[in-house]
Amino acid sequence: MWFMGFSTHHKRDLLKYSVYKLWSMDLPCVSSSFVVNLGKRYKQFESFAVYCTTEAVSNNDDKGINQIPLSKSLACLIDESSTPTKTRQKTRMELKRLIEMRIKKRVKEQYINGKFQGLMRKVIANPMTLCDAYQCIKLNSNVDLESDDNDMPFDSMADELLNGGFDIHANTFSISTKGERKEVLVLPNLKLKVIQQAISIVVDVVYRPHFSKISHGCRSGRGHLSALRYICKEIHNSNWWFTLHVRKNVDDNVLTKLILTMEEKIEDPDLFSIIRSMSDAGVLNLKFGGFLKGHGLPQEGVLSPILINVYLDLFDQEFYKMCMTYEALDSDVNASEDGSSSKLRSWFRRQLKDNNKNNNNKHPGDMNSGLRLHACRVMDEIFFAVSGPKDVALKFKAEVQNYLEHTLYLDVHDQMEILSTSDPRGIRFLGIAVRTSERENPSVRAVHKLKEKVQLVTLQKQEAWDAGMVRIGKKWLALGLKKVKESEIKHLADSSSVLCQISCFRKAGMETDHWFKVLLKIWMQDVNAKAVDNEETVLSKYIAEPSIPKELRDSFHSFQKCAEEYISSETTSTLALLPNSNSSTQSTIIIEILAPVNVIKKRLLRYGLINSEGHARPVSALILQDNIQIIDWFSGLICRWLRWYSKCDNFSEVKLMIVNHVRKSCIRTLAAKHRLHEIEIEKVFGSELSVLPSNLEMEIEMTHEISEFQVFDADEALMYGIFSSGLCLLSLARMVSQARPCNCFVIGCLVAAPCVYTLHVMERQKFPGWRTGFSTAIHPSLNKRRVGLCKKHVKDLYLGHISLQSIDFDAWR
């Protein structure tokens, strides 16, 4: 060995250093077992070295030097090297979950005698809880938690909440529209927003385990994608469906019933008192159907989603009671077919049958043995599907409306009639079209695939046959033209023939090829080929094909005829030839989710990204902004739309349309700004434009921030209003100068804003509406309002890392 010349101490140190380097380098080719074996070898070597150097060790001990066993040294080195030198930075979602777990622990401690008691005094009015809520707001604003902004008086806020001295009205501000018809929007200041955030987390901790599976709006792991998956997987063999949209400006009746509902699980008069105070001040913003929830709009309010889910959970419970009432008398045989039979359902059937025999009442379940009810609710938009006759569906819809209107005191927006699931138009839910289609079973697909293969082979054979006939015809024509000479025309033709007459009128110098073409046209007239498209068809059909053997020609035509008969044959007759064929299982009904392509085109036209002819055009409001901000704005629009429609069956069509129009509009906006040709723009900004997908074959490519941001999608309750926040159009109002300073309006951000932007509202339509890439139904009082933003938060707002709820509109009035 190469190290035999070293001393024992040198060999030991060298081997120890080698083990340490192998472990610290973390090479993929070096397995952990190899390092362990190397360590064992080292221990054997070390024991041998210790045995051979006893005298040297004793001499060292005599000198007062303590010799540490080398095995321990090696173990320490391995332990030290295995410790990661750099810890991974936690994402915003992970930090918010840690904060939620801290608050959840405080809430669970207040569960006494079947209720949560004293949540306001013990949990919400706690400086640590208020600090955690403020940290959540800063995380929503994408602000570093270690930033030096300790101006929040959490202790004094907690004392005011405990003593009942917190003034709700004094901690609000209002924004109104201009003109005669003023619309006022009341928003909370930062202190009140912190308290609302704390209440929202506490109430969510209490009610999250009790929510129904049909509820999908603004909940942990549940959103519009989970609602669409639920419809596709859980709803089968439905005959009718309809949607209901709930509308209501919360009044005293709704608020009283909400508090009574919360009192079943929470015993805390102080909490309910402050909720009433926020409602009286108009800052609660609890409104059913006024705007789409979860889009990060300022007028939505932090408490809106959880309180709406708590209130409409009453309907979810009532729906299950309706299901048991309608489905309880269903036959066990039919129930077992779709796997929905259970002992509990059977017990209810027996109980209701006995009651109906005693009362002689006819039950809705008696009308149809296969009756099933389904529902899916996303906040205040509800989807229903009924398996059964239409009269039962109408009666069920009437009962649902009656419960919502008379028990929950809500208004029902009922413009959509009950539609048959076989209607090709489908039904609209969450801005997406839902319809049914037939999916063929494997045997039918195999038959169709075989037909397509036979058709392809037939076309290939026909093309080869035609090409061969044309080739034979061309050879015949070439051979005939070689034998014909222009000087022999008069000798071969009769003086009274047409050829002789044409030859007499031929101009001097006429080319021989042109003369032969004239002769070919005359010959085509003689064979009656006027309806033929080209000369090749004449050569193949009138010259080559009649000249080949009749047996070969009849054999080919017989093959083509048999192939056409098989291709045009009915699928049912073909399946009858298959073993174990069953005509009743030829196809299955599935539910398709389709994005509204025509509506997206109209939105692109309305937003100014395309003109009336469908061509991309520049966005003039963005020209004064930085190049990277312009690209981020278009990238945010693409990411929002592709993310929202990612589960649609026609996603490829939507992606192709969005990518083509938005990318071209971005390039033309940069071209208009720099007054360069589009090709030069693509060369100059090639790396920056790479964040925008360029064709259909590419996978959905987000920027690094967007890919990292998708981690949050698992919990819409904590990331409310961020993941599906609408895109805002900002135009540059002015640059910030020393004479007119301005800080960033985002909550928790202390950076000076270099620019002031004007907010333009692109969507003003009311609910319900198709989902678009912009903030939907934003309050008109925010239109043309100026906000100061730093470059980081302009990027975050464009890409969807923050929403409009993160902006403090009271920062500069």
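Good morning. I begin with Glu-100, which counts as buried at 5% relative accessibility. The model I am presenting is a predicted one.

What does this buried glutamate meet? The side chain of Glu-100 forms a salt bridge with that of Arg-208, with N and O 2.3 Å apart. The two residues come from distant parts of the chain, 108 residues from one another. Glu-100 belongs to helix H5, residues 92-108, whereas Arg-208 sits in the loop between H9 and helix H10 (224-234). Arg-208 is partly exposed, its relative accessible area being 25%. Asp-204 enters the picture as well: together with Glu-100 and Arg-208, Asp-204 is linked in a network of salt bridges.

Across the whole structure, the search finds 14 salt bridges. Allow me to describe two others. Asp-626 pairs with Lys-791, and their closest N and O atoms lie 3.9 Å apart. This pair, too, links distant parts of the chain, at a separation of 165 residues. Asp-626 is in the loop between helix H24 (597-606) and helix H25 (627-644), and Lys-791 is in helix H29, residues 791-799. Asp-626 is partly exposed at 33% relative accessible area, while Lys-791 is exposed at 52%.

The other example is the salt bridge between the side chains of Asp-423 and Arg-425, at 2.8 Å from N to O. Here Asp-423 is buried, with a relative accessible area of 16%, and Arg-425 is exposed, with 62%.

I turn now to the nonpolar interior. The largest nonpolar core comprises 174 residues. Among the residues with the most contacts inside this core are Met-262, Phe-384 and Trp-633. Helix H13, residues 304-327, supplies the largest share, namely 12 residues. Apart from this core lies another, of five residues, including Met-469 and Phe-556.

Met-262 leads us to helix H11, residues 252-262, where Met-262 is one of the buried residues, alongside Val-254, Leu-255, Leu-258, Ile-259 and Thr-261. How are the buried residues of H11 arranged when seen down its axis? They fall within an arc of 155 degrees, and therefore line one face of the helix. Their packing partners are helix H9 (190-207), strands S5 (240-249), S6 (266-267) and S7 (287-288), helix H12 (269-280), and H13. Leaving aside residues up to four places away in sequence, Met-262 itself touches Val-203, Tyr-207, Phe-272, Ile-275, Leu-307 and Val-310.

Finally, the N-terminal end of H11 is capped by Asp-251, a side-chain oxygen of which lies 3.4 Å from the backbone nitrogen of Asn-253. Thank you.

Key: Residues are numbered from 1 along each chain as its sequence is written. This is a predicted model: local features need pLDDT of at least 70, side-chain atom pairs count only at pLDDT 80 or more; totals for chains, interfaces and linings use all residues. Side-chain values use heavy atoms; hydrogens and water are left out. A nonpolar core is a set of buried Ala, Val, Leu, Ile, Met, Phe, Trp, Tyr and Cys residues joined through side-chain atoms within 4.5 Å. Buried means under 20% relative accessible area, exposed over 50%, partly exposed in between (1.4 Å probe, protein chains only). Helices (H or I, at least four residues) and strands (E, at least two) are DSSP runs, numbered from the N terminus. Contact means heavy atoms within 4.5 Å. The arc is that of the directions from the helix axis to the C-beta atoms. A polar contact is a pair of N or O atoms within 3.5 Å; within protein, one must be able to donate a hydrogen and the other to accept it, and residues adjacent in sequence count only if both atoms are side-chain atoms. A salt bridge is a side-chain nitrogen of Lys or Arg within 4 Å of a carboxyl oxygen of Asp or Glu.
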